[in-house]
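Colleague: Could you walk me through this one slowly? I'd like to know how each label gets decided.

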Amino acid sequence: MADETSSDLNNPALQPNGEDTSPAIGLISQYVKDMSFENPNAPAVYQWQSAPQLDVQFNISAEGVGENLYEVALKVDVTSKADEGTAFVVDLKYAGLFGVRNVPDDQLQPFFLAEAPRILFPFARRVIADAVRDGGFPPLLLEPIDFHGLFQQQVQAQDEGLGDIPAPVGEA
């Protein structure tokens with residue numbers, strides 16, 4: 001038994017007094033930070049016959065909000081226009097609060113710009129679908145977005161000397 005205890009003390013994964021030095025990131029909370037839905041041409045819009053065109057724009061931001069706490073916000077702007085005019089506009093800022101412990105600084109940006117939005121997007125997508133449905137339109141189900149691929153494109157563009165020009169995080 002004494003041999004097992006002494007070998008446990010040499011195991012770096014087991015730390016005395018609850019000390020944990022392994023890197024960890026956890027989602028603490030997620031929430032709608034800001035949202036608006038506009039239906040500027042109701043009720044006439046429900047009689048329009050032309051097919052609407054959708055414009056979907058998104059942006060990702062991350063900022064420290066406390067010691068080892070970061071807010072990652074996914075901003076999604078959707079505009080639906082038909083020949084007759086604007087059908088609807090949805091602006092959503094959906095955010096998550098992430099706790100970070102023992103993560104090297106060079107690993108934070110890939111997480112905040114690729115992995116965190118991947119975690120938040122399905123929930124933002126549902127909020128948008130519900131808002132559009134509640135506005136009297138068929139639910140809008142946005143296509144999945146490859147945030148990791150977009151992040152890699154941004155890194156590649158910066159590596160090719162385009163770093164002076166801020167690359168958009170993404171457009172859909």
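Modeller: Sure, let's start with a term: a residue is buried under 20% relative accessible area, exposed over 50% and partly exposed in between, using a 1.4 Å probe and protein chains only. Keep in mind that this is a predicted model, where local features need pLDDT of at least 70 and side-chain atom pairs count only at pLDDT 80 or more, while totals for chains, interfaces and linings use all residues. Residues are numbered from 1 along each chain as its sequence is written, and side-chain values use heavy atoms, with hydrogens and water left out.

Colleague: Okay, so why is Asn-68 called partly exposed?

Modeller: Asn-68 has 44% relative accessibility, and that value falls in between the two limits, so partly exposed is the label. You'll find Asn-68 in the loop between β2 and β3. Asn-102, in the loop between β4 and α2, gets the partly exposed label too, with a relative accessible area of 40%.

Colleague: What is said about phi at Asn-68?

Modeller: Phi of Asn-68 is near 60°, a positive value in a residue other than glycine. Asn-102 isn't a glycine either, and has a positive phi of about 60°. That catches the eye because most residues other than glycine have a negative phi, and most peptide bonds are trans. On the peptide bond side, a cis bond joins Ala-42 and Pro-43, with omega about 5°. Pro-43 is in the loop between β1 (24-38) and β2.

Colleague: You keep saying β2 and so on. How many helices and strands are there?

Modeller: Three helices and four strands. Helices (H or I, at least four residues) and strands (E, at least two) are DSSP runs, numbered from the N terminus. Along the sequence the pattern goes α-β-β-β-β-α-α.

Colleague: What can you tell me about the span of α2?

Modeller: α2 has 30 residues and reaches 42 Å from its first C-alpha to its last. The expected span is 1.5 Å times one less than the number of residues, and 42 Å is close to the 44 Å expected for α2. There is a kink in α2 as well, of about 45°, centred on Phe-111. The bend at a residue is the angle between axes fitted to the seven residues ending there and the seven starting there. Just after α2, Gly-136 takes a positive phi of about 100°.

Colleague: Now the rings. How many aromatic pairs are there?

Modeller: Eight, from a search of the whole structure. Rings of Phe, Tyr and Trp (its six-membered ring) pair if their centres lie within 6.5 Å; planes under 30 degrees apart are stacked, over 60 edge-to-face and the rest tilted.

Colleague: What makes Phe-88 and Phe-137 a tilted pair?

Modeller: Their centres are 5.0 Å apart, within the limit, and their planes are at 50°, which is neither under 30 nor over 60, so the pair is tilted. This pair links distant parts of the chain: Phe-88 is in strand β4 (residues 85-101), and Phe-137 is in the loop between α2 (105-134) and α3 (147-162), 49 residues apart. Phe-88 counts as buried at 5% relative accessibility, and Phe-137 counts as buried at 12%.

Colleague: And why are Phe-111 and Phe-112 called edge-to-face?

Modeller: Their centres are 5.8 Å apart and their planes are at 70°, over the limit of 60, so edge-to-face it is. Phe-111 is buried at 14% relative accessibility, and Phe-112 is buried with a relative accessible area of 6%.

Colleague: Which residues touch the most other members of the largest nonpolar core?

Modeller: Val-76, Phe-88 and Ile-128, out of 37 residues in that core. The elements giving two or more residues to this core are β2 (53-66), β3 (69-82), β4, α2 and α3. The largest share, twelve residues, comes from α2. A nonpolar core is a set of buried Ala, Val, Leu, Ile, Met, Phe, Trp, Tyr and Cys residues joined through side-chain atoms within 4.5 Å.

Colleague: How do you know that Ser-80 is buried?

Modeller: Its relative accessible area is 1%, under the 20% limit, so Ser-80 is buried. Ser-80 sits in strand β3, and its contacts (heavy atoms within 4.5 Å) include Pro-52, Gly-85 and Phe-88.

Key:
Lists of a residue's contacts leave out its neighbours within four places in sequence.
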